[in-house]
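Me: Please take a close look at one part of this structure. I am new to it, and short sentences suit me best. Which part would you start with, and what surrounds it?

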Amino acid sequence: MIKEIQRRPMIRPLLCWIAGILLQTVYPLEKYTGLLLTIPLVTLSLSYILKPSTVSFSNRWFWGIHHLIFLFFLSVQLTSFHQKNTIKQFTTFSLQDKANTLRQKMVTKIETLDLNENEKAVLSTITLGDRKKLSSHTKKQFAMTGAAHMLAVSGMHVAIVCGFFTFLLTLVPYRHRWRFLIYLLQLLLV
């Protein structure tokens with residue numbers, strides 16, 4: 001195994017990264033890894049103070065160990081951040097929040113219809129993609145009949161809605177200068 005590690009030098013940083021993740025999940029080390037970063041500084045300064053003429057910055061082992069210590073530190077800290085959920089999701093935008101609230105309003109309007117609960121769940125799943133109230137029995141029935149694809153909001157559904165809006169927008173007087181605005185309105189409606 002040592003020969004394999006020597007032949008593939010990129011395994012060493014990967015093993016160090018994995019070790020940091022595993023140790024952080026078992027033992028909370030994020031408080032102590034700051035001390036680990038002082039090791040490279042202390043060794044470098046001691047070697048420079050004690051023997052300034054023998055300090056060689058081309059020593060592969062010296063810099064390799066320091067690199068592995070730094071990777072270990074980073075893996076422990078990132079794992080700690082993920083465990084505490086301090087890294088925020090960058091995919092949530094205000095537009096997405098508004099779309100979710102609009103979807104929720106539409107689901108509540110579907111709930112007011114004079115249908116049974118199963119029909120309301122299927123309607124909200126097909127039209128809005130909201131599968132929260134769809135029972136597993138109904139999913140099995142759609143799967144057994146081969147119509148499970150109807151429950152997913154797919155490209156075909158979007159194409160049908162887009163075609164409907166295109167038909168509605170043909171009623172607007174068509175001029176070349178309004179063409180861009182009509183396309184933009186169509187995209188916003190979809």
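Reply: Start with a term: a salt bridge puts a side-chain nitrogen of Lys or Arg within 4 Å of a carboxyl oxygen of Asp or Glu. The model is predicted, with local features needing pLDDT of at least 70 and side-chain atom pairs pLDDT 80 or more, while totals for chains, interfaces and linings use all residues. Numbering starts at 1 along each chain as its sequence is written, and side-chain values use heavy atoms, leaving out hydrogens and water.

With that term in hand, take the pair Glu111 and Lys133. Their side chains form a salt bridge, with N and O 3.6 Å apart. Glu111 sits in helix H5, and Lys133 sits in the loop between H6 and H7, so their pairing ties together parts 22 residues apart in sequence. (Helices are DSSP runs of H or I with at least four residues; strands are runs of E with at least two; both are numbered from the N terminus.) Glu111 has a relative accessible area of 22%, which makes the residue partly exposed. (Buried is under 20%, exposed is over 50%, and partly exposed is in between, using a 1.4 Å probe and protein chains only.)

How many salt bridges does a search of the whole structure find? The count is 2. Glu117 and Lys120 also make a salt bridge, and their closest N and O atoms are 3.7 Å apart. These two residues both belong to helix H6, and being 3 residues apart, they are separated by about one helical turn. Their surroundings contrast. Glu117 is exposed, at 52% relative accessibility. Lys120 is buried, at 7%. In general, side chains of opposite charge can pair when their charged atoms come close.

That second pair leads to the part to examine closely: helix H6. H6 runs over residues 117–128, which makes 12 residues. At 1.5 Å a residue, H6 should span 16 Å, and its end C-alpha atoms are indeed 16 Å apart. (The expected span is 1.5 Å times one less than the number of residues.) Just after H6 comes Gly129, with a positive phi of about 75 degrees.

Which residues of H6 are buried? They are Lys120, Ala121, Val122, Ser124, Thr125 and Leu128. So Lys120, at 7% relative accessibility, is a buried residue that also takes part in a salt bridge. The buried residues of H6 pack against two neighbours: helix H5, residues 94–111, and helix H7, residues 136–145. H5 is also the helix that holds Glu111.

Two of these buried residues, Ala121 and Val122, belong to the largest nonpolar core. Leu134, Phe142 and Leu151 complete its 5 residues. (Such a core is a set of buried Ala, Val, Leu, Ile, Met, Phe, Trp, Tyr and Cys residues joined through side-chain atoms within 4.5 Å.) Val122 touches Leu134, Thr138 and Phe142, leaving aside residues up to four places away in sequence. (A contact means heavy atoms within 4.5 Å.)

Now step back to the whole chain. Its secondary structure comes to 9 helices and 0 strands. Read along the sequence, the pattern is α-α-α-α-α-α-α-α-α. The chain has 190 residues, and 19% of them count as buried. Take the contacts between residues at least 6 apart in sequence: 51% of them join residues at least 24 apart.

Helix H4 offers a second place to look. H4 covers residues 60–84 and holds Phe73. Phe73 is buried, at 16% relative accessibility. Leaving out residues up to four places away, Phe73 touches Thr33, Gly34 and Leu37. Phe73 and Ile21 are 52 residues apart in sequence, and their C-alpha atoms are 9.8 Å apart in space. Gln77 is in H4 too. Gln77 is buried, with a relative accessible area of 17%. With the same neighbours in sequence set aside, up to four places away, Gln77 touches Glu30 and Thr33. Thr33 therefore appears among the contacts of both Phe73 and Gln77, by the heavy-atom contact rule.

Helix H2, residues 11–26, holds Ala19. Ala19 is partly exposed, at 30% relative accessibility. Its C-alpha atom lies 8.4 Å from that of Ser75, and the two residues are 56 apart along the chain.

Finish at helix H9, residues 179–189, which contains Leu188. Leu188 counts as exposed, at 67% relative accessibility.
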